[in-house]
Protein chains: 2
Amino acid sequence: MSTKDDDQQALFVPNYLLYLLAAASEAASARFHAHVRTHGLRVPEWRVLACLTDWDGSMVTELARYAMIEQSRLTKIIIQMDKRGLVSRRSDPEDGRRVRVFLTDEGRTMAERLVADAKANERDLLNAFRDNTGKEIKQTLRTMIERLEAEAVARPAPEEPSRTGAGKARSKKTET
Amino acid sequence: MSTKDDDQQALFVPNYLLYLLAAASEAASARFHAHVRTHGLRVPEWRVLACLTDWDGSMVTELARYAMIEQSRLTKIIIQMDKRGLVSRRSDPEDGRRVRVFLTDEGRTMAERLVADAKANERDLLNAFRDNTGKEIKQTLRTMIERLEAEAVARPAPEEPSRTGAGKARSKKTET
DNA sequence: ACGGAATATATGAAAATTCATGTTTCTGGC
DNA sequence: GCCAGAAACATGAATTTTCATATATTCCGT
């Protein structure tokens with residue numbers, strides 16, 4: 001027993017919280033993300049559609065936060081989705097700087113179908129962890145996120161890049 | 001009360017398991033990832049270093065699995081890290097196809113420092129959830145990953161792209 | 001009403017990532 | 001030993017993503 005894949009005795013990675021979170025997220029999402037791709041959408045696009053089912057007409061910046069996509073990137077994705085007819089962009093009459101994003105009929109159709117699929121998939125997932133593993137996982141994660149985000153604004157992270165001087169952060173374009 | 005940020009009553013996204021997992025992962029990692037960048041490393045590079053502290057000398061394919069990075073991408077990242085002197089690549093004498101990756105002294109120094117920082121950061125995180133939120137979170141995630149990966153090999157995901165025929169998956173390069 | 005500071009998005013160029021496929025090196029029969 | 005097929009990496013071209021900044025509006029204080 002235990003010839004392959006180490007017994008991960010005192011290994012760092014397999015027991016590191018951030019790794020476990022990332023790996024769990026990946027593992028749990030893999031199947032559905034593949035499903036999304038069969039519909040001709042990339043994951044970020046699916047996220048946009050999903051967010052719009054909840055917050056149709058929200059502005060780019062908001063959408064970026066909801067969908068966890070950086071603003072500049074989201075702008076480009078939205079422009080593509082617009083050309084493709086999944087969403088429409090209209091500048092806010094109240095504030096000319098803002099661009100509000102709406103689902104088109106086609107976009108809504110696709111969004112609603114995928115959300116339904118997502119819910120079904122989620123049911124299966126939670127079901128597989130019926131015992132207790134998945135029992136309070138959602139609440140746990142919610143609490144986790146809340147606290148972390150609250151802390152993020154409260155304690156905006158220090159700097160301290162160098163310690164011994166060996167690992168000098170290279171300001172983007174140094175060397176090569 | 002509840003003017004901003006909705007009461008997320010029956011909203012989909014804020015209660016969707018896959019969203020919660022991704023968001024929790026992001027929120028939990030944000031600070032440390034920023035720390036990593038101040039050391040002139042990108043997240044994937046940090047992952048490689050971390051994995052090598054556990055599995056120094058592993059082959060590219062293994063490393064890719066451990067670090068959750070696609071092979072082709074990892075190859076490119078490793079080549080860069082090699083040039084930069086963080087790792088060294090040597091073809092396996094036992095099997096010429098394989099390329100084994102090792103930490104250089106410099107790489108090990110940086111890796112060990114960051115792993116120490118990561119552990120300290122993890123302590124803080126788990127500490128902040130001392131109550132019970134973070135109590136069994138790790139075990140929960142571990143179980144989750146195990147089951148999901150087991151299931152992934154057992155039930156290799158079906159196909160079923162179209163349902164009504166509306167959302168035809170576009171095979172990469174169809175339409176502009 | 002004016003100018004400076006904020007906000008909200010858009011953009012461009014450089015770098016990274018993806019996908020499909022090419023190479024090279026083993027493996028297992030025959 | 002020889003060969004088809006598999007395995008492990010590397011590559012190239014097309015796309016995406018990133019980062020820094022430009023642009024356009026709105027806000028505010030005076």
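How many nonpolar, polar and charged residues does the lining of the largest cavity have, by class? Hold on to that one for a moment, everybody, while I set the scene.

What you see is a predicted model, where local features need pLDDT of at least 70 and side-chain atom pairs count only at pLDDT 80 or more, while totals for chains, interfaces and linings use all residues. Residues are numbered from 1 along each chain as its sequence is written, chains are lettered from A and ligands numbered from 1 in the order in which they are written, and side-chain values use heavy atoms, with hydrogens and water left out.

Now, back to the cavity. Rolling a probe the size of a water molecule over the atoms shows where empty space is left. Here a cavity is a set of points, on a 1 Å grid over the protein atoms alone, where a 1.4 Å probe fits but cannot get out, and lining residues have an atom within 4 Å of a point. Points are joined across faces, edges and corners, and the volume is the space filled by probe spheres set on them. The structure has one cavity of 30 Å³ or more, and the largest cavity holds about 160 Å³ of space. It is lined by 15 residues, and Trp46(A), Arg47(A), Tyr16(B), Leu18(B) and Tyr19(B) are the closest to its centre.

So here is the answer: twelve nonpolar, two polar and one charged. For these classes, Ala, Val, Leu, Ile, Met, Phe, Trp, Tyr, Cys and Pro count as nonpolar, Asp, Glu, Lys and Arg as charged, and the others, Gly among them, as polar. Which helix gives the most to this lining? That is H2(A), with four residues. Helices are DSSP runs of H or I with at least four residues, strands are E runs of at least two, and both are numbered from the N terminus.

Let's move to the DNA. A residue is near a strand if one of its heavy atoms lies within 4 Å of it. Around DNA strand C there are 21 residues, and Thr61(A), Lys76(A), Arg89(A), Arg73(B) and Gly96(B) come nearest. Of the strand C atoms within 4 Å of the protein, 66% belong to sugar and phosphate. The surface near strand C has three nonpolar, seven polar and eleven charged residues.

A polar contact is a pair of N or O atoms within 3.5 Å; within protein, one must be able to donate a hydrogen and the other to accept it, and residues adjacent in sequence count only if both atoms are side-chain atoms. On strand C, the side chain of Arg73(B) has an N or O atom 2.5 Å from a phosphate oxygen, and that of Lys76(B) has one 2.7 Å from a base oxygen. Arg97(A) sits 3.0 Å from a sugar or linking oxygen of strand C, counting from a side-chain N or O atom. The side chain of Arg97(A) also makes a polar contact of 2.8 Å with the side chain of Asp95(A).

On DNA strand D, a polar side-chain atom of Gln71(B) lies 3.0 Å from a base nitrogen, and one of Ser72(B) lies 2.8 Å from a base oxygen.

One last residue: is Phe12(B) buried or exposed? Phe12(B) is buried, because its relative accessible area is 8%, and buried means under 20% (1.4 Å probe, protein chains only), with exposed over 50% and partly exposed in between. Beyond its neighbours within four places in sequence, Phe12(B) is in contact (heavy atoms within 4.5 Å) with residues including Trp46(A) and Val115(A).

Methods:
On a 1 Å grid over the protein atoms alone, a cavity is a set of points where a 1.4 Å probe fits but cannot get out, and a pocket is an open set with protein on both sides within 12 Å along at least five of seven lines; lining residues have an atom within 4 Å of a point.
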